[in-house]
Amino acid sequence: MTEYLLKILIVGDGNVGKSSFVHRYVSGQFNKTYKMTVGVDFSVKLLHWSDKEKVRVQLWDIAGQERFISMTRLYYKGAMGCIVMFDVTNSTSFQNCHYWKQDLDNKTMLPNGRPIPCILLANKCDLSQWAVKAESIEKFCKANGFLTWMETSVKDNKNVGEAMRRLVEEALSLE
Ligand code: GDP
């Protein structure tokens with residue numbers, strides 16, 4: 001049995017659903033009032049990936065430090081994957097994904113010198129008031145070196161597991 005430890009980050013503006021995503025993924029729940037304590041660093045989920053492989057996923061949330069749109073190198077250190085998240089009803093949170101991706105790529109890379117695999121998540125897709133067009137997301141995703149983008153609803157548990165699976169798959173392929 002091989003056991004992998006994967007550090008995965010989640011970044012994006014405040015209120016887009018990052019803490020809820022981590023909580024949903026790790027505990028399977030969605031609480032409207034749930035808020036991770038500021039300063040808590042990571043949550044862990046153990047995946048029985050295959051007969052021969054276990055994966056311990058460390059999911060790091062920036063927990064309240066979003067206002068900086070810039071994190072310390074220590075936060076990024078050793079990451080094997082990253083989620084950049086925005087809220088589909090908030091176009092500013094989409095525009096800021098540019099800075100989040102840039103900050104990530106400026107401060108860290110894989111041991112082989114390539115950028116950290118990164119997935120773009122368009123969260124709160126259950127809400128009807130989308131402020132961002134799917135074609136703009138597609139364009140942005142391609143232009144900025146994301147693996148892919150997906151619409152998610154942490155509330156309705158849509159694409160949460162799928163997005164993480166995609167990222168874990170990619171990270172493992174680089175091991
Ligand atoms: P963070 O600041 O990025 O960590 O965002 P939170 O996880 O604290 O979520 C901000 C707010 O958005 C909370 O009120 C959540 O209940 C709500 N929220 C999170 N995900 C969704 C979603 O998929 N759909 C809807 N409608 N609300 C969501």
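These notebook entries record what I looked up about the ligand site and one helix in a predicted model.

**Entry 1: the ligand shell.** I began with the residues around the ligand and found that 19 residues surround it. The closest are Asn15, Lys18, Ser19, Ser20 and Asp126. I then sorted the shell by class: eight of its residues are charged, seven are polar and four are nonpolar. Next I looked up which element supplies the largest share of the shell, and it is helix H1 (residues 18-27), with three residues.

**Entry 2: polar contacts of the ligand.** I looked for N or O atoms of the protein beside oxygen atoms of the ligand. In Ser20, a side-chain N or O atom is 2.6 Å from a ligand oxygen. For two other residues I noted backbone atoms instead: a backbone N or O atom of Val154 lies 2.8 Å from an oxygen atom of the ligand, and one of Gly17 lies 3.0 Å from a ligand oxygen. I also checked how much of the ligand is covered. On its own the ligand has 580 Å² of accessible area, and the protein covers 87% of this.

**Entry 3: helix H4.** Which residues are buried in helix H4 (residues 97-107)? I found Cys97, Trp100, Lys101, Asp103 and Leu104 to be buried. They lie on the same side of H4, because they cover an arc of only 160° around the axis. I recalled that an α-helix has 3.6 residues a turn, so residues three or four places apart point the same way. Finally, I listed what the buried residues of H4 pack against: strands E1 (2-11), E4 (81-87) and E5 (118-123), together with helices H2 (73-76), H3 (91-95) and H5 (134-143).

Methods: Residues are numbered from 1 along each chain as its sequence is written. This is a predicted model: local features need pLDDT of at least 70, side-chain atom pairs count only at pLDDT 80 or more; totals for chains, interfaces and linings use all residues. Side-chain values use heavy atoms; hydrogens and water are left out. A residue is near a molecule or strand if one of its heavy atoms lies within 4 Å of it. A polar contact is a pair of N or O atoms within 3.5 Å; within protein, one must be able to donate a hydrogen and the other to accept it, and residues adjacent in sequence count only if both atoms are side-chain atoms. Accessible areas come from the Shrake-Rupley method with a 1.4 Å probe; for residues, only the protein chains shown count as cover. Helices (H or I, at least four residues) and strands (E, at least two) are DSSP runs, numbered from the N terminus. Ala, Val, Leu, Ile, Met, Phe, Trp, Tyr, Cys and Pro count as nonpolar, Asp, Glu, Lys and Arg as charged, and the others, Gly among them, as polar. Buried means under 20% relative accessible area, exposed over 50%, partly exposed in between (1.4 Å probe, protein chains only). The arc is that of the directions from the helix axis to the C-beta atoms. Contact means heavy atoms within 4.5 Å.
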